[in-house]
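Visitor: I have just opened this model and would like a guided look at it. Shall we take it question by question?

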Amino acid sequence: MYVVGTSLIGDFWKTHPASEGELRALHALLASLAAEDLDETLKHVARFDACGAEIRLETVAIRIEVNRAANVARYAIVSALDEETG
Amino acid sequence: MKPIRTPRDHQDLLDEIAGLMGAQPGSPEADRLEVLAVLASEYEKRSLPAESDPVDLLNVVMRGRGLSQAELSEVLGSRARASEILSRRRNLSAEMIERLSRAWSIPRRLLAGPFQVTRRRIGGTTLSILAAGLVVVASAAATPFLVYGRNLPDVAPLVQDRAATDLTRLPPHVVQAFIAGEDRTFLTHAGYDAGAIARAVGRNSANGWGHPKGASTLTQQLLKNTLLAGEPRSLRRKIRELLLSREIEDRLDKDRILGLYLSHVYFGGGTYGIAAASKRYFHRAPAELTVGQAAYLAALVDAPDLRRFDRPDNRPRSVAARGEVLARMTRAGFVTPATAEAAGRERLW
């Protein structure tokens, strides 16, 4: 996929260094996937909806928007899991 | 549409992409989204390449697919290996990368990156031998050992070197010839061979320390041919080889170290690397080398100018040195005595 908005995750791990490894790994994985492989690859950590997916890793939750027709993913929101409320 | 030249241009592009993410398939908006995404992702690759630590990647893939360590063990063929990989006590070998890539559809390049391996524990006996050797070395030179550790070259150029020979394209006897001939404990040592160092310390103590010889592992030889190229043979270089070899072994797996060694080692006559040497001496690719030819090339690296068979005076030494490597391959169980004997009868020139 074409993955855009990487400055969002890069800025995030500057303030949350513990998340850098898994965010880099997720980014490398997404960039190597075709959009149709996304669901199968992340089925145990992602909640999919019409616009994309909410992915919960070990230290962070990340919202990506996906347009499958254009094979594009965009990082929309990243948050630390220990800072999440609700 | 315009090129991205500034962060402002990039942000404008991202804003437009955000507005197009809901574009319907086949629509002009979807086409525009795809084109803009290509531009933005190319620009962003420069600041954040899609690369990852292989262990972090494995963890994300396993978590994402709900896979357990038991399933990793199944792919790697061993529970111990799976545990060592996940706890960073072992690097992924070429074979493991191949298995994981096939089983879980992970691109090989994502698994092939270097990662930091937890330093191996050194056994008490090994440590004693090594310490004894180093004390003798340091006192013989009347120089504090740690002085040599200053200003060590950066290992990054070697870690990132793309020129490594692909071992999967070589017949096993080629790899085995170099291991048997040059470094029989290569697959198990941590960059140096403490027993060989102890033996070399004894020899060099008796002969004086002007030009210390022996005990170099393939890892140390790789360093001598690359990061330390041009440094004269000396006690200083030996110790620097030792210090750097530990770092290289921590950052690269054995397949890659050997692959780099085979690409950089000198075979005489201005020939570097096994591909060039195979062509020069046998007019063929490394994948086509016979056992006898592989053993000869492994023997050649130790003293290229004395063993090159293209110098007729060297020929008795060429054959004798090949015979010694074949004998070592036999003792290591890499070839049968009959195979070694047949290989020893192969014509070299």
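Visitor: How many residue pairs are in polar contact across the interface of chain A and chain B?
Guide: Happy to start there, with the reminder that this is a predicted model. The rule finds 0 salt bridges across the interface of chain A and chain B. For polar contact, both residues must be at pLDDT 80 or more, and the number of such pairs is 8.

Visitor: What is the area buried between chain A and chain B?
Guide: The contact takes 34 residues from chain A and 32 residues from chain B. Carbon and sulfur atoms give 68% of the area buried between the two chains, which is about 2,600 Å².

Visitor: Which three residues supply more than any others of the area that chain A buries against chain B?
Guide: Together these three supply 17% of the area that chain A buries against chain B. They are Tyr2(A), Val4(A) and Asn67(A).

Visitor: Which element gives the largest share of the side of chain A that touches chain B?
Guide: The elements that give two or more residues to this side include β1 (2–4), α1 (6–15), α2 (20–32) and β5 (72–80) of chain A. By class, the side has 18 nonpolar, 8 polar and 8 charged residues. The largest share is 10 residues, and it comes from α2(A).

Visitor: Turning to chain B, at what angle do helix α1 and helix α2 of chain B pack?
Guide: α1(B) covers residues 7–20 and α2(B) covers residues 28–47. Among the contact residues are Leu13(B) and Ile17(B) of α1(B), and Leu36(B) and Tyr43(B) of α2(B). By class, this contact has 11 nonpolar, 1 polar and 4 charged residues. The crossing is left-handed, the axes are 10 Å apart, and the angle is about 145°.

Visitor: Is the crossing of α10(B) and α16(B) left-handed or right-handed?
Guide: The axes of α10(B) (residues 172–182) and α16(B) (residues 291–300) come within 8 Å and cross at roughly 35°. His173(B), Val174(B), Ala177(B), Phe178(B) and Glu182(B) meet Val291(B), Ala294(B), Ala295(B), Leu297(B) and Ala298(B). These residues divide into 8 nonpolar, 1 polar and 1 charged. As for the handedness of the crossing, it is right-handed.

Visitor: What separates the C-alpha atoms of Leu227(B) and Asp154(B)?
Guide: Leu227(B) lies in the loop between α12 (218–225) and α13 (235–251) of chain B. Leaving aside neighbours within four places in sequence, Leu227(B) is in contact with Pro153(B), Asp154(B), Val155(B) and Leu158(B). Leu227(B) and Asp154(B) are 73 residues apart along the chain, and their C-alpha atoms are separated by 8.1 Å.

Notes
Residues are numbered from 1 along each chain as its sequence is written. Chains are lettered from A and ligands numbered from 1 in the order in which they are written. This is a predicted model: local features need pLDDT of at least 70, side-chain atom pairs count only at pLDDT 80 or more; totals for chains, interfaces and linings use all residues. Side-chain values use heavy atoms; hydrogens and water are left out. Axes are lines fitted to C-alpha atoms, for helices over the stretch in contact, and angles run from 0 to 180 degrees between N-to-C directions. Helices (H or I, at least four residues) and strands (E, at least two) are DSSP runs, numbered from the N terminus. A crossing is left-handed if the near helix is turned anticlockwise from the far one by less than a right angle, and right-handed if clockwise. Contact means heavy atoms within 4.5 Å. Ala, Val, Leu, Ile, Met, Phe, Trp, Tyr, Cys and Pro count as nonpolar, Asp, Glu, Lys and Arg as charged, and the others, Gly among them, as polar. Buried area is the accessible area (1.4 Å probe) that two parts lose on being put together, summed over both. A salt bridge is a side-chain nitrogen of Lys or Arg within 4 Å of a carboxyl oxygen of Asp or Glu. A polar contact is a pair of N or O atoms within 3.5 Å; within protein, one must be able to donate a hydrogen and the other to accept it, and residues adjacent in sequence count only if both atoms are side-chain atoms.
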